[in-house]
Amino acid sequence: MHRRRILQGAAATAAAALIPTSTHAAAASTTDYSLATWTPASTSNYTTSTRPSAYPVDYVIIHVTQETFADTIGIFQNSAKQVSAHYVVRSADGYIAQCVREKNIAWHAGNWDYNTRSIGIEHEGWVDQPEYFTNAMYEQSALLTASICDRYGIPKDRAHILGHAQVPGSTHTDPGSEWDWVRYIRLVNLYSAG
């Protein structure tokens with residue numbers, strides 16, 4: 001009986017650690033974007049920096065995870081994986097986790113020059129399953145991208161908001177042909193403060 005209580009307590013503690021905090025007040029103190037929740041990547045999976053003073057931030061790079069939201073977070077928190085992105089957007093409701101501070105260099109583009117000069121946003125889903133690209137995901141991601149563009153003076157166009165597949169030397173195809181770029185860029189410009 002005692003062993004069962006210990007195991008139940010350990011399971012509850014582990015589960016609590018996986019549940020992101022839902023208060024914006026807590027998120028605002030640790031995130032660059034007020035609607036995101038801090039869900040840190042392993043420090044082994046990004047490079048500490050002082051952007052934009054160390055490197056200008058010129059691009060937003062759009063990714064699709066090819067994983068579930070939870071598995072993506074787990075990958076970013078695994079120190080052996082050597083990969084991260086600044087943000088992950090959940091399909092069902094557009095919930096946003098920030099995994100790397102914007103001043104730091106996430107390892108998402110597969111190209112060091114682009115990593116140093118971009119913010120990476122992962123989107124839960126698969127490139128060949130457009131049902132993952134929900135209204136909530138597009139809207140919340142576009143709000144995030146508009147905020148990033150406004151804060152860094154990035155033009156809100158396809159020359160500066162890139163798909164991972166557009167990064168020189170990329171072997172990835174995301175976000176894929178099912179991603180609605182016309183809609184996305186329209187939303188980014190609609191939500192822009194400028």
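User: I'd like to start with the strands. In which sense do β3 and β7 pair, and over how many bridges?

Analyst: Good place to begin! β3 and β7 run in the parallel sense, and six bridges pair them. To see one of these bridges, find I62, whose partner in β7 is I121. Please keep in mind as we go that this is a predicted model.

User: Which way does β4 run relative to β7, and how many bridges join them?

Analyst: β4 and β7 are parallel, with three bridges joining them. You can locate this pairing through V88, which stands opposite E122 in β7.

User: How do I read the two sides of a strand, and which residues of β7 point which way?

Analyst: The general idea is that side chains in a regular strand alternate between the two faces of the sheet. In β7, S118, G120 and E122 point one way, while I119, I121 and H123 point the other way.

User: How many residues of β7 are buried?

Analyst: Six of its six residues are buried, so the strand is mostly covered, where buried means under 20% relative accessible area. For the protein chain as a whole, buried residues make up 44% of the 194 residues.

User: Let me step back. How many helices and strands does the protein chain have, and what pattern do they follow along the sequence?

Analyst: The protein chain has six helices and eight strands. Reading along the sequence, you meet them as α-α-β-β-β-α-β-β-β-α-β-α-β-α. Contacts tell you how this order folds up: of those with a separation of 6 or more, 73% are between residues 24 or more positions apart.

User: Which residues have the most contacts inside the largest nonpolar core?

Analyst: They are I62, Y87, I121, I148, I161, W179 and Y184, in a core of 28 residues. At least two core residues come from each of β3 (59–64), β4 (87–89), β7 (118–123), α5 (135–152) and α6 (181–191). The element that gives the most is α5, with seven residues.

User: Which residues is I121 in contact with, beyond its neighbours in sequence?

Analyst: Leaving out neighbours within four places, I121 is in contact with V60, I61, I62, H63, Y87, V89, S141, L144, T145 and I148. You have already met I62 as the bridge partner of I121. Apart from the core we have been exploring lies another core, of 12 residues, including A41, I73, V88 and Y95.

User: Now for the aromatic rings. How many aromatic pairs are found in the whole structure?

Analyst: There are 10 aromatic pairs. Two things describe such a pair: the distance of the centres and the angle of the planes. Take F133 and Y138: their centres are 6.5 Å apart and their planes stand at 65°, so this pair is edge-to-face. F133 is buried at 7% relative accessibility, and Y138 is buried at 3%.

User: What are the distance and angle for W181 and Y184?

Analyst: That pair is edge-to-face too, at 6.2 Å centre to centre and 85° between the planes. W181 and Y184 are about one helical turn apart because they sit three residues apart in helix α6. W181 is buried, at 16% relative accessible area, and Y184 is buried, at 0%. Ring pairs link F133, Y138, W179, W181 and Y184 into a cluster.

User: Which residue lies over the face of F69, and which over the face of Y114?

Analyst: R90 lies over F69, at 5.3 Å from the ring centre. R117 lies over Y114, at 5.5 Å from the ring centre.

User: Finally, the backbone. Where is the cis peptide bond that leads into P52?

Analyst: The cis bond runs from R51 to P52, with omega near 5°. P52 is in the loop between β2 (46–47) and β3. Another cis peptide bond joins D174 and P175, with omega about 10°, and P175 lies in the loop between β8 (161–163) and α6.

User: What is the phi of Q66, and that of Q82?

Analyst: Q66 has a positive phi of about 60°, although this residue is not a glycine. Q66 lies in the loop between β3 and α3 (69–77) and is partly exposed, at 35% relative accessibility. Q82, likewise a residue other than glycine, has a positive phi near 60°. Look for Q82 in the loop between α3 and β4, where this residue is partly exposed at 43% relative accessibility.

Notes
Residues are numbered from 1 along each chain as its sequence is written. This is a predicted model: local features need pLDDT of at least 70, side-chain atom pairs count only at pLDDT 80 or more; totals for chains, interfaces and linings use all residues. Side-chain values use heavy atoms; hydrogens and water are left out. A nonpolar core is a set of buried Ala, Val, Leu, Ile, Met, Phe, Trp, Tyr and Cys residues joined through side-chain atoms within 4.5 Å. Buried means under 20% relative accessible area, exposed over 50%, partly exposed in between (1.4 Å probe, protein chains only). Helices (H or I, at least four residues) and strands (E, at least two) are DSSP runs, numbered from the N terminus. Contact means heavy atoms within 4.5 Å. Rings of Phe, Tyr and Trp (its six-membered ring) pair if their centres lie within 6.5 Å; planes under 30 degrees apart count as stacked, over 60 as edge-to-face and the rest as tilted. A charge sits over a ring if NZ of Lys or CZ of Arg is within 6 Å of the ring centre and within 35 degrees of the ring normal. Two strands pair if DSSP finds at least two bridges between them.
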